[in-house]
Amino acid sequence: MWPKDVGIKAIEIYFPAQYVEQTELEQFDGVSAGKYTIGLGQSRMGFCNDREDINSLCLTVVHRLMDRYEIKPQDIGRLEVGTETILDKSKSVKSLLMQLFEPYDCTDIEGADTTNACYGGTAALLNAISWVESSAWDGRLALVVAGDNAVYSSGSARPTGGAGAVAMLIGPNAPLIIDRGVRSSCMKHAYDFYKPNLKSEYPIVDGKLSVQCYLNALDTCYQTYCKKMRNKHNHNVTLDSFNAFLFHSPYCKLVQKSFARLAFIDFLNISKEEVSKKHPELAQFHDVKLEDTYFNRDIEKSFMNLSKPNFQQKTQPSLMIANQVGNMYTPSVYTGLASLLISKPIKELAGSKVGVFSYGSGLCSTMYSLTITNECNEKSNLMKIISSLSYIKKELDARQKISPEAYTKELEWREQNCHSVPFTPHSTTKNMFPGAYYLVQVDEKYRRTYNRV
């Protein structure tokens, strides 16, 4: 027998307690007003000072999840971390998180780190689901952690940064059920975004190629998903098959374009007769080759307009955190899930079918779906998750605004001291959120020690 309704039983989000305003960053960078806010769809960008790193982000989010949901270390049988923020080429972040379990004599916990750009969190989630559904499962729960510090060198990519972490508890009888049976992936070799210089936190980015790779992976995953659903369930999938759709969000405007892209694929799948009846003004686009349209502004604009009401209903609510914090990399699509849960009434969420597209450059991508339970009373597990996420809006508002000048100096300081030893951070901890872990020092042997606010 398969364990029943395997999926997400709890979710915790963490982001740093400081941000830079994108309107101020536009002025500081000397670009036209609206380039980052309207052009990218971003309002604020969270970032780490030198007191936080990938280890502290993950320590914080795991400890908070376990406290908030009263999870005992003995309850966890698998712990896997998805991240592309690498501090050590050998020692995993997961092994560092074990210091939360060792004092309780809990060392029989499977899992390690999973890495491929922004996709690692999804790989970790799918591994956790597979573990619960396997013969190796011993009845305990899995813990999936995804975190990153997303920073760029000065230039056009810098405003698409962000930072944060997510922790998800995986097990049976979940209110957020990962649908079994059909999912699709697209895995290819590409140098669209990568980090070959281990002495720097900054990636090498080919912006135009990155967008093309993202859209190509989206096209492929969606078409493959639709084909599998037809073959396995004799069911034709369109955007109408989903009540909500989540995307990995490098920046919010790309998500809106991606939703329009799926509407465009649905359009290509209908007959010329239907086009003539329903959308005669779009007939000129019906015979184009999909791979020739990545940067076709006419198609993009037409289908963004056509799909706008659906986008506002099905995807816009999932972009709240992305708009306010930026691209967290591996946690991105799952902060979209949290945003959706706190942005809609529970009665509207109950029973929803949610499409999910996860993408990581280089490239790895997967499309799958999850179903939100129908149980929506005040004592339901779904209500518990939604209530437990109520801190998000309060913490977004409680963050400290940092000037672009101070933000730039902080990034310069981080870059200057990347992998320097011995190292003691210069930032204070007074503005950090209660319960957050922070870096105390890095000794001459690169060993890092942490404390908790």
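In the predicted model, K257 is in contact with E300 and M304 once its neighbours within four places in sequence are left aside. K257 is partly exposed, its relative accessible area being 26%, and its place is in helix α6. Helix α6 also holds K253, which touches I38, G39, L40, G41 and M304 when residues up to four places away in sequence are not counted. M304 is thus named among the contacts of K253 and among those of K257.

Both lysines carry an annotation, since the unreviewed UniProt entry places a feature "binding site" at S210, K253 and K257. Although these residues are spread over 48 residues of sequence, they cluster in space, with a largest C-alpha distance of 14.4 Å. The lining of the second largest pocket includes S210, K253 and K257.

Helix α6 itself comprises the 17 residues 252-268 and reaches 25 Å from its first C-alpha to its last, a span close to the 24 Å expected at 1.5 Å a residue. Of its 17 residues, 15 are buried, so helix α6 is largely enclosed by the rest of the structure. The same unreviewed UniProt entry type is the source of a domain feature, "Hydroxymethylglutaryl-coenzyme A synthase C-terminal", which is placed at residues 176-452. Over residues 176-452 the chain is 43% helix and 16% strand, and the C-alpha atoms at the two ends are 31 Å apart.

The nonpolar interior was examined next. In soluble globular proteins, nonpolar side chains tend to be buried together. Here the largest nonpolar core has 87 residues, and those with the most contacts inside it are I11, F101, I170, L341 and I392. Helix α2 (residues 54-68) supplies the largest share of this core, namely eight residues. Another core, of 56 residues, lies apart from it and has L25, C221, M229 and F267 among its members. For I170, one of the residues with the most contacts inside the largest core, the partners beyond four places in sequence are V6, G7, I8, K9, L125, A128, I129, V132, L141, A142 and V144.

Two of the strand arrangements may be described in detail. Strands of a sheet pair through backbone hydrogen bonds, either parallel or antiparallel. An open sheet is formed by three strands in the order β3-β2-β15, with mixed pairing. Its edge strands are β3 (44-46) and β15 (400-401), each of which pairs on one side only. Strand β2 (residues 18-21) pairs with β15 in the parallel sense over two bridges, and the bridge partner of Y19 in β15 is K401. In the second arrangement, β16 is joined by five bridges to strand β17 (residues 448-452), and the two run antiparallel. The bridge partner of V442 in β17 is R448. The hairpin of β16 and β17 has five residues between the strands, and in this hairpin Y446 takes a positive phi near 70°.

Further backbone features fall in loops. Most residues other than glycine have a negative phi, and most peptide bonds are trans. A117, although not a glycine, has a positive phi of about 45°; A117 is found in the loop between β5 (113-114) and α4 (120-132) and, at 11% relative accessibility, counts as buried. N173 likewise is not a glycine and has a positive phi, of about 55°. The place of N173 is the loop between β7 (162-171) and β8 (176-178), where, at 46% relative accessibility, N173 counts as partly exposed.

Cis peptide bonds are found at two further positions, described in turn. One joins G362 and L363, with omega about 0°, and L363 lies in the loop between β13 (353-360) and β14 (364-372). The other joins V421 and P422, with omega about -10°, and P422 is found in the loop between α14 (404-416) and β16 (437-442). Strand β16, which follows the loop holding P422, is the strand that five bridges join to β17.

Definitions and conventions:
Residues are numbered from 1 along each chain as its sequence is written. This is a predicted model: local features need pLDDT of at least 70, side-chain atom pairs count only at pLDDT 80 or more; totals for chains, interfaces and linings use all residues. Side-chain values use heavy atoms; hydrogens and water are left out. UniProt positions are given in the numbering used here, feature names are shortened, and annotations may be inferred rather than shown by experiment. Helices (H or I, at least four residues) and strands (E, at least two) are DSSP runs, numbered from the N terminus. The expected span of a helix is 1.5 Å times one less than its number of residues. Buried means under 20% relative accessible area, exposed over 50%, partly exposed in between (1.4 Å probe, protein chains only). Two strands pair if DSSP finds at least two bridges between them. On a 1 Å grid over the protein atoms alone, a cavity is a set of points where a 1.4 Å probe fits but cannot get out, and a pocket is an open set with protein on both sides within 12 Å along at least five of seven lines; lining residues have an atom within 4 Å of a point. Contact means heavy atoms within 4.5 Å. A nonpolar core is a set of buried Ala, Val, Leu, Ile, Met, Phe, Trp, Tyr and Cys residues joined through side-chain atoms within 4.5 Å.
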